[in-house]
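Have the sequence and the model open side by side while reading. The text below goes through one chain, then the other, and ends where the two meet.

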Amino acid sequence: MEIKLTRKQGGFLVDAAFEGPESGVTALFGPSGAGKTSLISMVAGLMHPDAGRIQVNGLCLFDSERHINLPPEKRRIGYVFQDGRLLPHLSVRGNLTYGMRLTPANRRFVAFDAVVELLGIGHLLSRRPARLSGGEKQRVAIGRALLTSPAMLLMDEPLASLDASRKSEVLPFIMRLSREYAIPILYVSHIMDEILNLADRLVIMDMGRVAAFGDLDDLLSRPELQPHLGTEDYGSVISAVVDEPLDASGLTRLRFGGHWLKVPPMPAGRGDQVRVRISARHVAVALRAPEQSSFQNIFPGKLDQIFDRGEPFVDLRLDIGCPLLARISRKSFSDLNLKPGQPVFALVKSVAVSLGAVHAMPDESKVPPI
Amino acid sequence: MQFWHLTDVEIEALRLSLWVSGWAVAVSLPIGILVAWVLARLRFPGKNLLDGLVHLPLVLPPVVTGYLLLVLLGRNGLIGAALYKYLGLVLAFNWKGAVLAAAAMSFPLLVRAVRLSLEGVDQGLEAAARTLGAGPLRVFFTVTLPLMAPGIITGLILAFARSLGEFGATITFVSNIRGQTQTLPLALYTLTQVPDGEVGAMRLCILSVLIAMAALVCSEMLARRFAARMKA
């Protein structure tokens, strides 16, 4: 997909450009008012860009230079709205088939029964939307968009209107979606936890502009993007494989880049792909490997980069075969007299990798509690 | 004469009233929906003028509206002459003229009710339908119109009742011709002008009340059924 557009609305300018492969989940991340919803409204054709170009799956949807502007109904873009927007005068079945029946039979590749089963909405088919819970509504809204057999799915904070338990009811379905159907998804959110669960790639938006885009793991490990990500969420994301779900010490052992990482026990099976998030505040740095310590995870590596923004702490990027971020106090920093390129040891306590930050990759049988 | 037995004059007036009002509503409904849509959704210069024009019959004395209709659409009127010349259509002094008078007088009520319901339709739902592959026209008929249904029913009943009661514009435009333009109110008026007409007038009065009540009950039932359908 290739998206490049500008639009001025009032005093606010959306001027965004990014591209990516036609598969997987791309998260659009940014604070409220960053222009995320405007951007995907333009992709869907519900809002008109002043200039630019939108291309999805080889099909040009909008090109201001060539005067191409497909109307929304011709774009084959499924849109899951934040507020569901089910048609209140139709039953759940009527909502699900509304778009499906408008899709020519020879272009449908998503089957009604399969979607109903995937989303677990078989028992709701004859109900009206007014009789559905928030989570059920969103599942129907996802099914409805999916059944148009779209070239791409847009999801605008589909979980935002739901409480925590409803969220955990819907999230696993979205995770399965990106696996079961080869439909690229553009997922808007300002919640990093959701994005860690779902996304392969990340587009960071701020003030109507794209601050950065690329692979999720890579972007989250770049300290210079930290102001966009929020200090609380600041940390490294590491993709790992479950090596031993429960070892002798009662911890789960993960393998990544030639290292082992011990984390609190998690509901995952051997060989599962997981994404682990290690908060920079919980990574300590030592010049020598401690012989007796409480650290379960000690990684030899070298200091790659120093980010000193004049704050009481200093951010470091360590290279342990993959990037690992550490945040240490200014006092420790000067005591250790750290220089780029210097060999160091990164120390990570197992409990620092909290369960909330450990996510089993989408695999329906082992979806962890959120 | 039995109380329940309607006289020929009464039956004639009743039938004509229902016929004229039915036609008036049938003719003005599609136009009313279109005008309501234009007023609710479009922005264009002269919109206030159109709005004012539509509402004019509501604020003008009905006699004035009837007189304007006569001037414009009478046999020698500006538009009426052309209608007669090219279409052979005569509106003055027959039931078609009565339909027009009733339609003109009830039009603002219809448009107001329809417009109100249209403004209550969430345009986000229409946008959602567009993303599901429906073109603007299909969206209108499968989303907008069904969601407007309660307002359309209200508008229809209001317009129908107003048409049944139409007097001033009708008598000015098409006069008071028995069997042609003499609807219930006109028949009632005629009876009040003749000696010994009180009993007949009272009977027509009761008849009018019954029809009006029936219309109200009907609208209430329909509105409730629609509300229930949205929640089931």
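Into which domains is chain A divided? In this predicted model, domain 1 of chain A covers residues 2-229, and domain 2 covers residues 235-359. Their C-alpha centres are 34 Å apart.

The two domains of chain A also touch. On the domain 1 side 7 residues take part, and they meet 11 residues of domain 2. Two helices of chain A, α6 (192-198) and α7 (216-220), each contribute at least two residues to the domain 1 side. The largest share is that of α7(A), with 3 residues. By class, the domain 1 side consists of 4 nonpolar residues, 2 polar residues and 1 charged residue.

Next comes a sheet in chain A. Strands of a sheet can pair in parallel or antiparallel fashion, through hydrogen bonds of the backbone. Here the sheet is open and has 5 strands, in the order β16-β20-β17-β18-β19 of chain A, and the pairing is antiparallel. Which strands stand at its edges? They are β16 (283-286) and β19 (323-329) of chain A. Each has a single partner strand, so one side of each has no neighbour in the sheet. From one strand to the next the twist averages 45°.

Within this order, β20 stands between β16 and β17. The pairing of β17 (residues 297-307) with β20 (residues 343-348) of chain A is antiparallel and runs over 6 bridges. As one example to find in the model, A:P300 has A:F345, in β20(A), as its bridge partner.

How far does the predictor's confidence extend over chain A? The average pLDDT of the chain is 86, and 94% of its residues score at least 70. Among the elements of chain A, helix α2 (residues 92-100) has the highest mean pLDDT, 96, and strand β21 (residues 358-360) has the lowest, 50. Residues 362-370 of chain A have a pLDDT below 50. In the model this stretch nevertheless has 23 contacts beyond near neighbours in sequence.

Chain B can be taken up now. What does its secondary structure come to? It has 10 helices and 0 strands, and along the sequence the pattern reads α-α-α-α-α-α-α-α-α-α. The C-alpha trace of chain B spans about 70 × 45 × 30 Å along its principal axes. Chain B has 232 residues, of which 38% count as buried. Among the contacts in chain B with a separation of 6 or more, 74% are between residues 24 or more positions apart.

One helix of chain B can be used to look at burial. Is helix α4 (residues 78-87) of chain B largely buried or in the open? Only 1 of its 10 residues is buried, so the helix lies largely in the open. Just after α4(B) comes B:G88, which has a positive phi of about 65°.

The last step is the contact between the chains. It involves 21 residues of chain A and 18 residues of chain B. On the chain B side, helices α6 (123-131), α7 (136-164) and α10 (198-231) of chain B each supply at least two residues. Which helix gives the most to this side? It is α6(B), with 7 residues. The side of chain B that touches chain A has 11 nonpolar residues, 4 polar residues and 3 charged residues.

Terms used. Residues are numbered from 1 along each chain as its sequence is written. Chains are lettered from A and ligands numbered from 1 in the order in which they are written. This is a predicted model: local features need pLDDT of at least 70, side-chain atom pairs count only at pLDDT 80 or more; totals for chains, interfaces and linings use all residues. Helices (H or I, at least four residues) and strands (E, at least two) are DSSP runs, numbered from the N terminus. Ala, Val, Leu, Ile, Met, Phe, Trp, Tyr, Cys and Pro count as nonpolar, Asp, Glu, Lys and Arg as charged, and the others, Gly among them, as polar. A residue is buried if 20 or more other C-beta atoms lie within 10 Å of its own, exposed if 12 or fewer, and partly exposed in between; C-beta atoms are placed from the backbone. pLDDT is the predictor's confidence in each residue, from 0 to 100. Two strands pair if DSSP finds at least two bridges between them. Axes are lines fitted to C-alpha atoms, for helices over the stretch in contact, and angles run from 0 to 180 degrees between N-to-C directions. Domain bounds come from an automatic or database domain assignment.
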